[in-house]
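Here is a walk through one protein chain, going from single residues out to strands and empty space. Keep the viewer open as you read.

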Amino acid sequence: MNEQQRKETNQIKQVDPTDENLDSNLDRLKNIDSDELISKYFQATYEPPNLKQAKKRRREDVQIHYDYSISHEMKNIGQGKKFLIRTYGCQMNEHDTEVMAGLLTDMGYESTDNTNDADIILLNTCAIRENAENKVFGEIGHLKPLKLEKPDLIVGVCGCMSQEESVVNKILKVHPFIDMIFGTHNIHRLPELLKEAIFSKEMVLEVWSKEGDIIENLPKVRKGKIKGWVNIMYGCDKFCTYCIVPYTRGKERSRMPKDIIHEVRQLAAQGYKEITLLGQNVNAYGKDLDIAYGLGELMAEISKIDIPRVRFTTSHPRDFDDRLIEVLAQGGNLLDHIHLPVQSGSSEVLRVMARRYTRESYLELVGKIRKAMPNSTLTTDIIVGFPNETAEQFEETMTLVREVGFDGAYTFIYSPREGTPAAKWEDNIPMEVKKERLQRLNALINEQAKNAMLKYVGETVKVLVEGESKKNPDVLSGYTERNKLVNFKAPKSTIGKIVDVKIIEARTWSLNGELAEQPAEVY
C-alpha cells in the first residue's frame, strides 16, 4: 500500500455510517478515488428491501390514481437525446418497459437500439432465475467502459432484481458507477429519479418494500400495432417456497374492471388484433376487490368487445375456477390455449413447494377443461431437481406429462433464489442427475410437441401475421389461435391481418404452410 492509498484508507475509516452529516463527509472525501468509500456511503444512507417485512401482507387499501403527469421541468428535458432499455424476463417486464418508454418519450427522448448513441440506458431486470441475474451483471460490466468514456451517460438498473437486497448491495459494492436503482413499484417515479440523477450527479436509489399504488394513466409505447398486453393485476400472494416474485412484485392488487375494459376498447379502436391479459397470478384477479367479480366475469365482458383474439397469462391451478372454464368454453374471441404451470407431478413435491394443490386435483382440473373445451391446448412450466426430489417423484412428473399430453412446456433445473425458504434447504441431488432428468423430460416434451404439430398437416388454420420470419425475410410468420408458430410465403400486405394458411409441414415447434386461395376474413 502506497502513501496515498494509506491516507485514503484512514479517511474512509473516519466515515461514521450513523452520522447524520454524511453529505458533508462525502463532500470532504469527494476527491478520493475509492469504490469502497462510495459503497460504504450509500449502504449507510440506503434502507434495502426487507423480504421478511414484504411477506407480512397487511390489508391496506390500495390507492388508485388517475391524475398522473410529468412535471413541466422534465417535460422536454430529453430533446435531442436518446434512450435504450434492455429487457430481461417475462411479459410483465416487457410491459413495464413499454411504460418506461412512454415516460421517456413524453420527456422528449427518442428510442435507439445502439448502445453508443444512448444518453440513458436502463436494464429492466428479472429475478426468477440465477442465469437471468448473471446476464444482467455481465451487461453491467460491459457498460462500465462506456460510462467512463461518456460520464454524462445515465445508467440505471430497475425491475425485479432491484427489489432484492443482495443484488442492491452487490451493485453498491462492485458497480458504484450505476446512476439509478429503482424497483417495480415506483416506475411512475422515473422522471423524478432521472431528474435527481442528472442534477445531483450522485447515485439515486429508490426501492420500496411497500407494494405501491395503482397509477392508471401512465403513457406507454407499445411494440407494434398488432398484439398488445394489458395488465389486469399486480403481485402475487401465493409464496411458493422457490419463488421470489411475491417479494419483488408485492401483494396482489387488481385494477378496477372499468379501467381494464376501457384500455381494451382503446386497443380495439386502434386496430389491435390480439390482447393478452397479464398478471403474475392472473386468475386470482378480483379476489382483493370488495365486489364479487373475478377473471371469469372480466373475460365475459371483454368477449363482447370487437377484438379478434383475447388470451391471458399466467394461471395458477389453485385459482382456475369453474366460472372461468364456463366463460372460456363459450369461445368467440376468447382463445382456448391455456398455460397452466404444474411445476411437478408429485403431490409431495408440490406440498413442499407450497403450491397448495395435488397431482390429483391438477388432473381433475385438466379433465374439467378438456370436457368443456375438447380442442383446447395446454402448455405448462416444470421444475426438475427441486431440493431432495427423488427418482420416484421425478417419474411422477414424467407420467403426469404423458397423461395430460401437453403441447409444450418451459422446463428448468431448480435455481435457488436468495430470500426464499427453499434457498436455505439442503440439496442432495448432484447436478449431473438434474441435467439427466431435464434431458429426459425435454425429450418427452419434444415428442409430444411434434405429435401435436403433425395433426395440423393438411389442415387450414387462421394465422395472425406478425411480420417477417427471423430466419428468412422472404417468409412471413404468425400464430394460430392455439399459439402455434406458422411460417409461410405471402405478400407483405398481409402483415397485421388474420389469414387462412394451409399447413404442409410440421416441425417440433413450428409449422410451415402456404397461403390459402381463399383468405379468411381480413380484419
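## Around S376

Setting aside residues up to four places away in sequence, S376 touches D336, I369, R370 and R482. Bear in mind that this is a predicted model. S376 sits in the loop between α14 (359-372) and β15 (377-384). Is it buried or exposed? S376 counts as buried because its relative accessibility is 7%, and the cut-off for buried is under 20%. Its side chain has a polar atom 2.9 Å from the backbone oxygen of M373. Look also at I338: 38 residues separate it from S376 along the chain, yet the two C-alpha atoms are 7.4 Å apart.

## Another loop residue, N281

N281 also has a loop address, this time between β12 (274-278) and α11 (295-302). With a relative accessibility of 1%, N281 counts as buried too. Which side chain does the side chain of N281 make a polar contact with? That would be E252, at 3.4 Å. If you leave out neighbours within four places in sequence, the contacts of N281 are M233, G235, C236, K238, E252, T314, S315, H316 and D319.

## β4 and its partners

Now for strand β4 (residues 120-125), where six of six residues are buried. I120, L122 and N124 point one way from the strand, while I121, L123 and T125 point the other way, and all of them are buried. In general, strands of a sheet pair through backbone hydrogen bonds, in either a parallel or an antiparallel sense. Strand β2 (residues 82-87) runs parallel to β4, and so does strand β5 (residues 154-159). L123 is a handy residue to click on: R86 stands opposite it on one strand, and V157 in β5 stands opposite it as well.

Here are the parallel pairings side by side, including one that involves β19 and β21.

| Strand pair | Sense | Bridges |
|---|---|---|
| β2 (82-87) and β4 | parallel | five |
| β4 and β5 (154-159) | parallel | six |
| β19 (485-489) and β21 (511-515) | parallel | four |

## A barrel

That last pair belongs to a closed barrel of five strands, in the order β17-β18-β19-β21-β20, with mixed pairing. From one strand to the next, the twist averages 50 degrees. Where β19 meets β21, F488 has G513 as its bridge partner.

## Empty space inside

Rolling a probe the size of a water molecule over the atoms shows where empty space is left. How many cavities of 30 Å³ or more does the structure hold? There are three, and the largest has about 380 Å³ of space. It is lined by 22 residues, of which D96, T184, I215, L218 and Y234 are closest to its centre. The elements giving two or more residues to that lining are α5 (91-106) and β8 (214-215). Helix α5 gives the most, with three residues.

## The chain as a whole

Zooming out, the protein chain has 16 helices and 21 strands. Of its 523 residues, 54% are buried. As for contacts with a separation of 6 or more, 75% are between residues 24 or more positions apart.

Methods. Residues numbered from 1 in each chain as written. Predicted model: local features only at pLDDT ≥ 70, side-chain atom pairs only at ≥ 80, totals over all residues. Heavy atoms only, no water. Buried < 20%, exposed > 50% of the residue type's maximum accessible area, 1.4 Å probe, protein only. Contact = heavy atoms within 4.5 Å. Polar contact = N/O pair within 3.5 Å; in protein donor to acceptor, adjacent residues only side chain to side chain. Pairing = 2+ DSSP bridges. Axes fitted to C-alpha atoms, helices over the stretch in contact; angles between N-to-C directions. 1 Å grid on protein atoms, 1.4 Å probe; cavity = no way out; pocket = protein on both sides within 12 Å on 5 of 7 lines; lining within 4 Å. Points joined across faces, edges and corners; volume = space filled by probe spheres on them.
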